Amino acid sequence: GIAIMGGADRAEAKWLRADTDNFIIYSEGSEKSLRDFADKLERFDATLSLRFGISRVKEPNRLTIYLVERSEDAGRLTAGRLGPSIAGFYSPDPEGSFAVSNRESTVIKGTPEWQQTLFHEYGHHFMRRYLPAAFPAWFIEGFAEFYSTTDFTKDGKAEIGKPPYGRAYGLLEMPKIPAETLLFQRPGTMRNSGQIDVYYGRAWLLTHMLYSSATRSGQLGAYLGAINKGVEAKKAATDAFGDLKQLDRDLNAYLKQRLSYRTTGDPIPVAGAVTITPLSPADDDLLPLQLERKSASGNEERLVKVRDSLTKLAAQHAGDADVWYELAMAEWDRGKEKRDPGAARASVDKALALDPKHVRANVLLGRIMLDALREKDDPSAADWNAARKPIILANQTNPDDPVPLLAYFQSFAPQGREPPSIAIDGLARAFELAPENGEARINYAFALANRGKFDRAIALAKSIAYDPHGNGDGPALLDRLEAMKAKSEGKAAADDESAD
């Protein structure tokens, strides 16, 4: 487990927490390095916001970032799911999005590798949260790569569009992926990490060319606009870029040119202060286990290990509500077939005895109660309302947490009831707070479709259908919504005819 990271040094290492306007960052490094890091990340966020004309106030639902010591620690957390060479990752988790990067100081010509890794992952989060459109897989990766190399001058001006030198070998020495393949093939179908590396590099190159080349000015916007209007991918590409073989030739020529990057005219201002606090001894012990649990999703062996470690920790810190909550979650996360609901309930009760308003423990209690009602013969309306009570309390305690809002909306399906308007409004707010959360997005898309708002529903589903990080069920979702729309239009036409 990650708890024994660094072996004997573990006793000395202490986690620190940095709070900024838009991030919560945990690191075992020094306070100075964490402060520099937090400043840089806020400046990067401000750069992207300025670049895309997004006016930002303090983010009510901040992104959590964990900085582990080495890139291999980050790779181990993904348990090989994303390939062995992963130095960081981003998870738009239903419990709250988080990113993991590392603090290794390897520098490849210019920017540290950890910075590129984190900026790449944050690029994904920024796109999913603040750019409400559907993007094709190659551009999702190309965008993240393009912005990952952003750096800042001493006076805080942003330098945007530098080459990702770590991709040089793949770009220059490996067989080139033709532009046409890049545009239409999902990255997941390229099995080995060498091909994936070439894919990232080519996606970066095409993004760089379309952003920078005068002869292709306006083409990227036209292409993305067409895709979002529902134009078929091949037609959208040829209408915008012209002959795709020529696009490929231009791309190969572009690689041989001296690539330029842009520096902003003014320094990028950063709002808000960075507050750094050490964690309590219980939180310090808990944090690596929490990260392990959140990363282990669906992996029974890892969840049992982390549950057993949390059981020991709960004996050590019996007065800490968060420890009991994490223990309950580790049991619950094992899934319907494997979990022991009684054990999860006992731990969540202990958490709530210590902290009756613990937001996430109340949500979990509601879920456990709702789940028990599914097994019960003919539960009454009062039973269902009682199970929703802790979820309602969680929402009242923190109205800016999307998790209770989503849980409340989802509580009506097992009862076989249409969610009332208040639940749909809550779902809309959950989606507004965390549009990157696929579960909230899918629920919201179907809620809109059920209200006859098909075009908005289909637009939301499209962004899932194209996402290279999705689990591949996006296209099927899209088909279901399109079918609902067609059925509704067919019914309306039939009603019109019978009215005549």
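**Exercise 1. Lay out the six-stranded sheet: in which order do the 6 strands come, and which strands stand at the edges?**

Step 1. The open sheet is built from 6 strands in the order E4-E5-E3-E2-E1-E11, with mixed pairing. Strands here are DSSP runs of E with at least two residues, helices are runs of H or I with at least four, and both are numbered from the N terminus. Two strands pair if DSSP finds at least two bridges between them.

Step 2. Strand E4 (89-91) and strand E11 (275-278) have a single partner strand each, so they stand at the edges and one side of each has no neighbour in the sheet.

Step 3. On average, neighbouring strands of this sheet are turned by 20° against each other, direction ignored.

Quick housekeeping: this is a predicted model, where local features need pLDDT of at least 70, side-chain atom pairs count only at pLDDT 80 or more, and totals for chains, interfaces and linings use all residues. Residues are numbered from 1 along each chain as its sequence is written, and side-chain values use heavy atoms, with hydrogens and water left out.

**Exercise 2. Work through the pairings of E1 and E2: what are the bridge partners of alanine 18?**

Step 1. Start with E1 and E2, which pair in the antiparallel sense over 4 bridges. A hairpin of 3 residues joins E1 to E2. On the E2 side, alanine 18 has isoleucine 25 as its bridge partner.

Step 2. Now turn to E11, which runs antiparallel to E1 and is joined to E1 by 4 bridges. There, the bridge partner of alanine 18 is isoleucine 276.

Step 3. Moving on, E2 (residues 23-27) runs parallel to E3 (residues 63-68), and 5 bridges join them. Isoleucine 24 has threonine 64 as its bridge partner in E3.

**Exercise 3. Find the helices on the sheet: which strands do H1 and H11 touch?**

Step 1. Helix H1 (residues 31-51) packs on the sheet and touches strand E1 (16-19), E2, E3 and E11. Contact means heavy atoms within 4.5 Å. The direction of H1 makes about 150° with that of E2; axes are lines fitted to C-alpha atoms (for helices, over the stretch in contact), and angles run from 0 to 180 degrees between N-to-C directions.

Step 2. Helix H11 (residues 281-295) also packs on the sheet, touching E2, E3, E4 and strand E5 (98-102). The direction of H11 makes about 110° with that of E3.

**Exercise 4. Describe the packing around H15: which residues make the contact of H13 with H15, and which that of H14 with H15?**

Step 1. The axes of H13 and H15 come within 10 Å and cross at roughly 35°. H13 gives Tyr325, Ala328, Met329 and Trp332 to the contact, and H15 gives Arg360, Ala361, Leu364, Arg367, Ile368 and Asp371.

Step 2. By class, this contact of H13 with H15 has 7 nonpolar, no polar and 3 charged residues. The classes: Ala, Val, Leu, Ile, Met, Phe, Trp, Tyr, Cys and Pro are nonpolar, Asp, Glu, Lys and Arg are charged, and the others, Gly among them, are polar.

Step 3. Helix H14 (residues 341-354) packs against H15 at an angle of about 145°, with the axes 10 Å apart. Here the contact is made by Ala344, Arg345, Val348, Asp349, Ala351 and Leu352 of H14 and by Ala361, Asn362, Leu364, Leu365, Ile368 and Met369 of H15.

Step 4. For H14 with H15, the count by class is 9 nonpolar, 1 polar and 2 charged residues.

**Exercise 5. Take the three-stranded sheet: which strands stand at the edges?**

Step 1. This open sheet has 3 strands in the order E8-E9-E10, with antiparallel pairing.

Step 2. Strand E8 (151-152) and strand E10 (262-263) each have a single partner strand, so they stand at the edges, and one side of each is left without a neighbour in the sheet.

Step 3. E8 pairs with strand E9 (residues 158-160) in the antiparallel sense over 2 bridges. In E9, phenylalanine 152 has alanine 158 as its bridge partner.
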